[in-house]
Amino acid sequence: MIFDSVEMAPADPILGLTVAYNQDPNPDKINLGVGVYKDADGRTPVLQAVKDAERRMLAGETSKSYKPIEGDANYASAVQHLLLDRPNESDHEAIKSKRMVTAHTPGGTGGLRVVGDYLKANHPDMTLWLTTPTWANHPNIFQASGVPTKSFSYFDDQTFSLDFDAMIATFEKIPAGDAVLLHGCCHNPTGVDPTPQQWRDIGYLLHKRGVLVILDFAYQGFGDGLVEDAVALHTMLEPGREMLVVSSFSKNFSLYNERVGAVSAVASDAKTAQTVLSQLKRVIRSNYSNPPGHGSAIITGVLNDRGLRMNWEAELSVMRNRINSMRRMFVEKLTERGVDRDFSFIGQQRGMFAMTGFTKAQVDQLREEYAIYIVGSGRVNVAGMTDNNMDRLCDAIAAVLGG
Ligand SMILES: Cc1ncc(COP(=O)(O)O)c(C=O)c1O
C-alpha cells in the first residue's frame with residue numbers, strides 16, 4: 001500500500017513534553033516546558049479585555065465573508081502603531097512615509113513561514129543567520145521554506161549573558177545580501193537581549209554591510225513594557241533602513257489558539273514597500289489564501305478602544321510583573337537553600353524563559369524523581385512557577401544540584 005513506506009516523524013520535543021506531563025498522575029507535578037503564560041493559580045485564562053471585545057464583536061458582526069489576502073487595513077494600522085508608537089510620538093517616520101506595509105498572518109509561526117517563502121522566492125541566494133541557541137521551531141520553519149540557514153554565537157553559557165563580541169565578529173563577516181533573524185525582545189530560550197546601545201550598534205553594522213534584519217517579535221510587553229520592549233525597532237529603524245518584523249499576539253493577548261500575528265515589511269520607500277507586499281500576498285494566496293478573522297477583530301477591537309486598551313495594558317502588566325517577581329523569588333529561594341551556584345542572572349533575564357544551565361541528566365532526574373518538566377536544553381518557562389509550587393520546585397532543584 002502507498003502509505004506503508006511512510007516513516008514515523010519524530011515528536012515535537014517541547015509539545016511532546018506536555019503530553020508526558022498530562023499523563024503524569026503525580027498531583028504535585030510542575031510544567032516548566034511549553035511557552036504558555038500561567039497565572040498565580042497555574043491557569044491560562046482569557047483576558048477580560050479580550051472577552052469584552054468578543055462580546056462587542058458578537059453583537060456587531062454582520063458577515064463572515066473572506067478577508068483581503070493581507071487582512072484588513074485597520075488591523076495592519078493597529079499593528080504598526082503598536083510596534084512603533086511612543087508616548088508623545090504616534091507618527092513614526094516609517095508609518096508616515098508609508099514605507100511600512102503589514103499583512104495579517106495566522107500567529108507568529110505563520111508569519112515566519114510567510115517570510116521564509118517570500119525569501120526563497122525573491123532572494124534565492126540569501127542565507128538566513130540564526131542565534132545560537134534559538135527557538136527550536138526557527139530552523140524547522142526556514143528549512144521547510146528551503147531557505148539555507150547558518151548560526152551565530154549569541155549566548156555565553158558560562159556567564160549566562162549576551163556574547164556580544166562574538167556576535168559582532170560574525171556580523172562583520174556576513175556577506176551583503178544575507179539576512180539575520182533577531183528576537184525583538186525576551187529572547188527565546190535565553191531571556192537575554194542586547195542593551196539599547198548594542199541594538200543601535202547592531203542596526204548600524206548590519207545596515208552598513210547590506211544585511212537584512214528580520215525581527216521576530218513574539219513577546220512585546222512581556223519584558224519591561226510595550227514601548228520599552230520595542231527598543232530594537234526604535235533604535236534600528238532609521239530613515240532609509242529596511243526590515244521585516246514578525247508579530248505574534250499569542251502571548252501578550254493570551255490568544256494562543258486564535259492564531260493571530262502579522263508580517264510587516266519596512267522598505268526604503270512607499271513604492272518598494274507595495275512591491276514587497278505584492279510578493280507577500282502571492283505567498284499567502286498559495287498557502288492559506290487569506291487570514292482567519294476572529295483574532296484580528298479582537299486585536300483591533302482592543303487597540304482602537306481607549307477603555308479596552310487601558311484594561312488590556314493593565315492585564316499585560318500583571319502578567320509581566322508576575323513573571324519578573326517569580327524570577328526574583330526563584331533566585332531568592334535557591335539562595336536560601338544554599339544551592340552551590342549563583343543563579344542571580346535569572347533575575348536579570350526577561351520574558352518567559354530562562355536558561356538554567358542544568359545538564360540533560362539533571363533535567364531527566366527532575367522529571368523522573370520529582371515530576372518537574374523542563375525542556376532538555378535546561379530552558380525553563382518562568383511563567384510556570386507560582387507561589388504555591390516554588391518551594392517544592394526549589395527543594396527539588398537543591399536536592400538534584402546539591403546544596
Ligand atoms: C521566538 C518565537 N517566535 C515565534 C513564536 C510563535 O508564536 P505563535 O504561537 O504566535 O505562532 C514563538 C512561540 O513560542 C516564539 O517563542
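A residue counts as buried when its relative accessible area is under 20%. By that rule, Q362, V363, D364 and L366 are buried in helix α14, residues 360-370. The model described here is predicted.

## Two domains

The domain assignment splits the protein chain into domain 1 (2-45 + 322-401) and domain 2 (66-304). Their C-alpha centres lie 28 Å apart. At the contact between them, 19 residues of domain 1 meet 16 residues of domain 2.

## The nonpolar cores

In soluble globular proteins, nonpolar side chains tend to be buried together. Here the largest nonpolar core has 104 residues. Those with the most contacts inside this core are F171, L182, I202, L215, L233 and W312. Helix α12, residues 306-336, contributes the most, with nine residues. Why does this core lie between domain 1 and domain 2? Both domains give residues to the core, so it lies between them.

L182 shows how such a residue is surrounded. Leaving out residues up to four places away in sequence, L182 touches T131, F152, F171, W199, I202, L206, V213, I214, L215 and D216. There is also a second, separate core of 28 residues, with F142, A265, A267 and L277 among them.

## The sheet

Seven strands make an open sheet. Their order is β2-β10-β9-β8-β7-β3-β4, and the pairing is mixed. β2 (100-105) and β4 stand at the edges with a single partner strand each, so one side of each has no neighbour in the sheet. On average, neighbouring strands are turned by 25° against each other, direction ignored.

Three of the pairings are set out here.

| Strands | Sense | Bridges | Residues standing opposite |
|---|---|---|---|
| β7 and β8 | parallel | five | V180 and V213 |
| β2 and β10 | antiparallel | six | T105 and G261 |
| β9 and β10 | antiparallel | six | V245 and S264 |

Is strand β10 enclosed or open? Six of the six residues of β10 (261-266) are buried, so this strand is largely enclosed by the rest of the structure. In a regular strand the side chains alternate between the two faces of the sheet. For β10, both faces are covered. G261, V263 and A265 are buried on one side, and A262, S264 and V266 are buried on the other.

## Helices against the sheet

Helix α7, residues 164-171, lies across β3, β4 and β7. α7 runs at about 140° to β4.

Helix α6 spans residues 137-145. Which residues of α6 are buried? They are H138, I141, F142 and S145. These four cover an arc of only 85° around the axis, which puts them on the same side of α6. An α-helix has 3.6 residues a turn, so residues three or four places apart point the same way. The buried residues of α6 pack against one helix, α5 (107-122). They also pack against the strands β3 (128-132), β4 (149-153), β7 (179-183) and β8 (212-217). F142 has a further role in the picture, as one of the residues in the second core. After α6 comes G146, whose phi is positive, near 85°.

## Details in domain 1

Helix α14 was the opening example. The cover over its buried residues includes β12 (372-373) and α15 (390-401). A371 follows α14, and its phi is positive, near 55°.

K333 sits in helix α12. Is K333 buried or exposed? Its relative accessibility is 18%, so K333 counts as buried. Setting aside neighbours within four places in sequence, K333 is in contact with M390, D391 and C394.

M352 lies in the loop between α13 (345-348) and β11 (353-355). M352 has 0% relative accessibility and therefore counts as buried. Its C-alpha atom is separated by 9.5 Å from that of R327, and the two residues are 25 apart along the chain.

Terms used. Residues numbered from 1 in each chain as written. Predicted model: local features only at pLDDT ≥ 70, side-chain atom pairs only at ≥ 80, totals over all residues. Heavy atoms only, no water. Core = buried A, V, L, I, M, F, W, Y, C linked by side-chain atoms within 4.5 Å. Buried < 20%, exposed > 50% of the residue type's maximum accessible area, 1.4 Å probe, protein only. Helix = DSSP H or I, 4+ residues; strand = E, 2+ residues; numbered from the N terminus. Domains from an automatic or database assignment. Contact = heavy atoms within 4.5 Å. Arc of directions from axis to C-beta. Pairing = 2+ DSSP bridges. Axes fitted to C-alpha atoms, helices over the stretch in contact; angles between N-to-C directions.
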